[in-house]
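Me: I have just loaded this model and would like a close look at one part of it rather than a tour. Please be explicit about every cut-off as you go.

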Amino acid sequence: MISSVVPAVLGAATLTGAGLAVLRGMRSPSSQLLAPSVSRVPNGYRQIALTFDDGPSEETPALLELLAKYRIRATFFVCGKNVKRLPHIARAIVEAGHELGNHTHGHARLSPRLSWDVNLFSESDMVEEMRRAQTCIHHHTGVWPRYFRAPYGLRWFGLRGAQRKLGVQGVTWSVIGHDWEWDRHRIAEHLIHNTEPGGIVCLHDGRDIRKEVNLSEMLAALEAVLPVWRARGLRVGTVHELMQAGVRRRSSGRSRGSSRRRHGVRRREDAMAGSSSAAR
Ligand SMILES: [Zn+2]
């Protein structure tokens, strides 16, 4: 009796563990399980990336005005359908020096719901959905995005291959403003307390592919937060600028390390490895 119960319990625990791991891979911004996803990029320049999802919308020009006032560039993860509806605003984003990323064509949820009542996106479905957005963005703005953000941050099996086929890097976030549901004070407080150097901030300049949106709470929060970030010495920019800052940090770290080795300086980790092997 016990011999048949134990494997069943172990099997159930394994399945539960696997299910939880997939759930985490689907939802956790830092998980790499289902697709490579950048949620933050440590760098020595106090650089952060400011990103906006779901645009362009009729309200995007007010955001562009605010960003211009602070001379800040940002990354806009746009939906192809919104670009098609408002191509002049998509072009205005690019002309103002901002970066465009891909947020699918129709704000598609790529992962299944818990009820499993929706069709599952295959890898080729994902490629098609993402390619439609790439093509539409390129057609209207001349930009072929290099970064992709899955709607709701939800990733699923097949996205790894889809990102590879389209040559786009997955990007999530380290802090999200809940600007679709919170008031300006709560959004601002959350961003002020949770933004760290190397972080990626996610806000919205639209609501999936809806036409009428109200960005007043997000805009007021951002207006309050930008001077605080500036006073803290944080440099706000695009995802690409943040990635470049990370690369510069890695290469300067490598050259510092190699020059120290050239001069016979024993690195701290070498010394520690030496002491731990001596204790054995
Ligand atoms: Zn979205």
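The part to follow is helix H7, together with what packs around it.

Reply: This is a predicted model, in which local features need pLDDT of at least 70 and side-chain atom pairs count only at pLDDT 80 or more, whereas totals for chains, interfaces and linings use all residues. Residues are numbered from 1 along each chain as its sequence is written.

The setting comes first. The protein has 10 helices and nine strands, where helices (H or I, at least four residues) and strands (E, at least two) are DSSP runs numbered from the N terminus. Of its 280 residues, 39% are buried; a residue is called buried if 20 or more other C-beta atoms, placed from the backbone, lie within 10 Å of its own, exposed if 12 or fewer do, and partly exposed in between. Two residues are in contact if their C-beta atoms, again placed from the backbone, lie within 7 Å, and among contacts between residues at least 6 apart in sequence, 80% join residues at least 24 apart.

Within H7, the buried residues are Ile187, Ala188 and Leu191. Seen down the helix axis, they fall within an arc of 95°, so they line one face of H7; the arc is that of the directions from the helix axis to the C-beta atoms. This spacing fits a general rule: an α-helix has 3.6 residues a turn, so residues three or four places apart point the same way. The other side of H7 carries His185 and His193, which are exposed. The partners of the buried residues are strand E7 (175–176), strand E8 and helix H8.

Taking H8 as the helical partner, the axes of H7 (residues 184–194) and H8 (residues 216–231) come within 8 Å and cross at roughly 35°. Here axes are lines fitted to C-alpha atoms, for helices over the stretch in contact, and angles run from 0 to 180 degrees between N-to-C directions. The crossing is right-handed, a term used when the near helix is turned clockwise from the far one by less than a right angle, with left-handed for anticlockwise. From H7, the residues that meet H8 are Arg184, Ile187, Ala188, Leu191 and Ile192, and on the H8 side they face Glu217, Met218, Ala220, Ala221, Ala224, Val225 and Val228. By class, this contact has 10 nonpolar, no polar and two charged residues; Ala, Val, Leu, Ile, Met, Phe, Trp, Tyr, Cys and Pro count as nonpolar, Asp, Glu, Lys and Arg as charged, and the others, Gly among them, as polar.

On the strand side, Val201 is a useful residue to follow, since it belongs to E8 (residues 200–204) and is buried, with 23 other C-beta atoms within 10 Å. Leaving out residues up to four places away in sequence, Val201 touches Leu191 and Thr195, and also Ile48, Ala49, Leu50, Thr51, Trp173 and Val175. Val201 and Ile176 are 25 residues apart in sequence, yet their C-alpha atoms are 5.9 Å apart in space.

Val201 also leads to the wider interior, for it is among the residues with the most contacts inside the largest nonpolar core, along with Val78, Leu159 and Ile200. That core has 60 residues, a nonpolar core being a set of buried Ala, Val, Leu, Ile, Met, Phe, Trp, Tyr and Cys residues joined through C-beta atoms within 7 Å. Its largest share, six residues, comes from helix H5 (residues 123–141).

Helix H4 (residues 87–95) can be read alongside H7, with Ile89, Ala90 and Ile93 buried. These residues cover an arc of only 105° around the axis, which puts them on the same side of H4, while the face turned away from them carries the exposed residues His88 and Glu95. The elements covering the buried residues of H4 include helix H2 (60–69), strand E3 (75–78), helix H3 (80–85), strand E4 (99–102) and H5.
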